[in-house]
Amino acid sequence: MADDSRGGFAALDPCVHCGFCLPACPTYLATGDEADSPRGRILLMRALERGELRADDPALGQHLDACLGCRGCEGACPSGVGYGRGLESARERITATVGLPAAARFVLGIFARRRWWRPAVTMARWFRETGLARRFRGPTRTGFLFGMLDATTPDRPEPTPRPPRARSAPRGTVALFRGCVMDGLFDHVHEATRRTLIVNGYTVVEVEGQVCCGALHDHAGDRAAARALARRNVAAFLGQADWIVVNSAGCGALLKDLGHLLGSPEAEALGRSVRDVTELLAAAGPVTGGPVELEACYDPPCHLQHAQRVHREPLAVLDAIPGLRLRQLPGADRCCGSAGIYGALHPEMSRAVLDEKVAAIAAASPPPDVVLTGNPGCLMQIGAGLGAADLPIPVAHPVELLDRSYRAAGWYDPASPS
Ligand code: SF4
Ligand code: SF4
């Protein structure tokens, strides 16, 4: 019988130290250090739980901090170890003892407060629209930050199309989760999400009072802040729609886990209603659009493939686009190094992990016209990496391409028959 007092540490119990997870771990591949591998970190976490290591032990902090939380090790583990559950409990205990680094407190504080977040986003959007982010992007640390911002630019500005009509049987009501980064810098993806869901028979509603999902806070070990945000989202979304639709894999993973985070029946019920946008579209077919003749690489976000275990649905969505030639590159199952605010706290490791992915894209033949991924952090990280490597390849969310396909079919034209 599970011992609840042990929290997530109990999920580490099945580990038999076989090491099958090591080749799946980007930080182990980068350093070759056992303490930077899942198996090594599990030993550290067990020592923390038993009190053999103190929560303020510098080596413990160093090796657990360096973990991306990508959960690539879970998919590779034949024993069903719940590495992510163990990590969240270990980080919560460490953060309660030593606190968060000042840089993390500052960044997370901005995400948690709309009155700080709004001006920051407004400035970022203004800077993006001047074209200076593209001009100054590059391989330096500052150039990389500009590249991240530049990667949020909509693929091509287009006139606002006509609101679409359903081309499928009615499928129910969905409430769009707006999030913080997605709402501030990727509103074009929200629009594409809304249009493609409507074409596929869903009614999309907006929900007032929603806030940041808290995933960044949760990953950093600040579970109190994550729970406070989660409670506000439960109050806002409960009873509003059949499903909550999310187009950010990191937010989706956290929201699906609301029951675990808050432990209330309402949170549990709401978590069960959360779907990635590709899950809802794939359940509807989705409706096939017009041709988009492109070479595309799909790179699944870790929090979609490893945390949510959603694999087939994004491919089904992209399969509905005639003319799209789709590939997955070697290493697509591995993290890009974004991992929430990890890139800001561990820039060298983050870039080392990203370099592998950029090298795979650079070596692809024929070269891709676009790289697709369904998470804002991954879009910004891979986009900045391609910019730093001087590879003129845009990044996009899969629903943006489906939206383009529907546009190519003429369904958003004013003269289009319903
Ligand atoms: S986490 Fe799983 S794969 Fe890794 S060492 Fe433990 S049992 Fe083996
Ligand atoms: S979560 Fe990712 S970085 Fe951390 S141990 Fe597992 S595979 Fe390695």
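Let's start where two parts of this protein meet: domain 1 and domain 2 bury about 1100 Å² between them, and carbon and sulfur atoms give 69% of that area. Three residues stand out on one side of this meeting place. L68, C70 and R71 supply 41% of the area that domain 1 buries against domain 2, more than any other three residues. Keep in mind as you look around that this is a predicted model.

So which stretches of the chain are we talking about? Domain 1 covers residues 4-98, while domain 2 covers residues 288-408. If you take the C-alpha centre of each domain, the two centres lie 27 Å apart. At the place where the domains touch, 16 residues of domain 1 are in contact with 13 residues of domain 2.

Now zoom in on the charged and polar links across that interface. The count of salt bridges between domain 1 and domain 2 is one. The salt bridge to look for pairs R309 with E74, and their closest N and O atoms are 3.5 Å apart. You can also look for polar contacts, and three residue pairs make them across the interface of the two domains.

Which elements give two or more residues to the side of domain 1 that touches domain 2? They are α1 (26-31) and α4 (72-76). Helix α1 gives the largest share of that side, with five residues. Sort that side of domain 1 by class and you get nine nonpolar, four polar and three charged residues.

Next, leave the interface and find helix α14, which runs over residues 249-256. Is this helix mostly enclosed or mostly open? Seven of its eight residues are buried, so α14 is largely enclosed by the rest of the structure. The buried ones are A249, G250, C251, G252, A253, L254 and L255. And what do these buried residues pack against? Their partners include two strands, β3 (243-246) and β4 (274-276). The helices they pack against are α12 (215-220), α15 (258-262), α16 (265-272) and α18 (302-305).

Let's finish with three single residues. Begin with T193, which sits in helix α11 (residues 187-199). Buried or exposed? T193 has a relative accessible area of 1%, which is under the 20% cut-off, so T193 counts as buried. The side chain of T193 reaches the backbone oxygen of V189 at 2.7 Å. If you skip residues up to four places away in sequence, T193 touches L176, N247, V277 and V399.

V292 is another buried residue, with a relative accessible area of 6%. You'll find V292 in the loop between α17 (277-283) and β5 (294-298). Setting aside neighbours within four places in sequence, V292 is in contact with I321, P322, G323, L324, L401, R404 and S405. Try tracing the chain from V292 to A409: these two are 117 residues apart in sequence, but 9.8 Å apart in space, C-alpha to C-alpha.

For a contrast, go to A59 in helix α3 (residues 58-65). With a relative accessible area of 37%, A59 is partly exposed, whereas T193 is buried. A59 and A35 are 24 residues apart along the chain, and their C-alpha atoms are separated by 9.1 Å.

Terms used
Residues numbered from 1 in each chain as written. Chains lettered and ligands numbered in written order. Predicted model: local features only at pLDDT ≥ 70, side-chain atom pairs only at ≥ 80, totals over all residues. Heavy atoms only, no water. Domains from an automatic or database assignment. Contact = heavy atoms within 4.5 Å. Buried area = accessible area lost by both parts, 1.4 Å probe. Salt bridge = Lys/Arg side-chain N within 4 Å of Asp/Glu carboxyl O. Polar contact = N/O pair within 3.5 Å; in protein donor to acceptor, adjacent residues only side chain to side chain. Helix = DSSP H or I, 4+ residues; strand = E, 2+ residues; numbered from the N terminus. Nonpolar A, V, L, I, M, F, W, Y, C, P; charged D, E, K, R; others polar. Buried < 20%, exposed > 50% of the residue type's maximum accessible area, 1.4 Å probe, protein only.
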